[in-house]
Amino acid sequence: AFDAVIDKGTLDAVLCEDNKAAGLLCECYRALRPGGAYLCVSLRDRAYLDHLLGEECPCDWGYKAFPVPGPKGEAFIVA
């Protein structure tokens, strides 16, 4: 098991395929030790991330999304 999984763009790329995001998130969850952290940098909007991580993902984990302003809009770091 790992202490952390760092995702910089993988979730966004997987979202291009139907029904693949939940599988990615479940594998990240499975790979983490209890209390481990999944850190994701995403360009998706906050409402979509809330839906994906809170409703679509069958894993039982809490998360926080932190906005990061950028020149082309806002990105989010999810932890």
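Cys40 is buried, with a relative accessible area of 1% in this predicted model. Buried here means under 20% relative accessible area, so Cys40 counts as buried. Cys40 belongs to strand β2. Beyond its neighbours within four places in sequence, Cys40 is in contact with Asp7, Leu11, Phe76, Ile77 and Val78. A further pair can be located by distance: Cys40 and Ala4 are 36 residues apart along the chain, and their C-alpha atoms are separated by 11 Å.

The strand that holds Cys40 is part of an open sheet of four strands, which has the order β1-β2-β4-β3 and mixed pairing. β1 and β3 stand at the edges, and each has a single partner strand, so one side of each is left without a neighbour in the sheet. From one strand to the next, the twist averages 15°. Helix α2 packs on this sheet and touches β1 and β2, with a direction that makes about 140° with that of β2. Helix α3 also packs on the sheet; it touches β2, β3 and β4, and its direction makes about 25° with that of β4.

The pairing can be followed strand by strand. β2 pairs with strand β4, residues 73–78, in the antiparallel sense over three bridges. On this side, Ser42 has Phe76 in β4 as its bridge partner. Phe76 has been named before, as one of the contacts of Cys40. Strand β3, residues 65–70, and β4 are also paired in the antiparallel sense, over six bridges. Between these strands, Pro69 stands opposite Glu74 in β4. A hairpin through two residues joins β3 to β4.

The helices come next. Which residues of helix α2, residues 21–31, are buried? They are Ala21, Leu24, Leu25 and Cys28. Seen down the axis of α2, these buried residues fall within an arc of 95°, so they line one face of the helix. The spacing has a general background: an α-helix has 3.6 residues a turn, so residues three or four places apart point the same way. The cover over the buried residues of α2 includes β1 (2–8), α1 (10–14), β2 (32–42) and α3 (46–56).

Helix α3 can be read in the same manner. Its buried residues include Leu49, Leu52 and Leu53. Viewed down the axis of α3, the buried residues fall within an arc of 80°, so they line one face of the helix. On the other side of α3, Ala47 and Glu55 are exposed. What do the buried residues of α3 pack against? They pack against α1, α2, β2 and β4.

One charged residue remains to be described. Asp12 lies in helix α1. Asp12 is buried yet has no salt bridge. A salt bridge requires a side-chain nitrogen of Lys or Arg within 4 Å of a carboxyl oxygen of Asp or Glu. For Asp12, the nearest side chain of opposite charge is that of Arg44, which is 4.3 Å away. Arg44 is nonetheless among the contacts of Asp12, which, leaving aside neighbours within four places in sequence, are Val41, Ser42, Leu43 and Arg44. Of these, Ser42 was met above as the bridge partner of Phe76 in β4.

Technical notes: Residues are numbered from 1 along each chain as its sequence is written. This is a predicted model: local features need pLDDT of at least 70, side-chain atom pairs count only at pLDDT 80 or more; totals for chains, interfaces and linings use all residues. Side-chain values use heavy atoms; hydrogens and water are left out. Buried means under 20% relative accessible area, exposed over 50%, partly exposed in between (1.4 Å probe, protein chains only). The arc is that of the directions from the helix axis to the C-beta atoms. Contact means heavy atoms within 4.5 Å. Two strands pair if DSSP finds at least two bridges between them. Lys and Arg count as positive and Asp and Glu as negative; His and the chain ends are not counted. Axes are lines fitted to C-alpha atoms, for helices over the stretch in contact, and angles run from 0 to 180 degrees between N-to-C directions.
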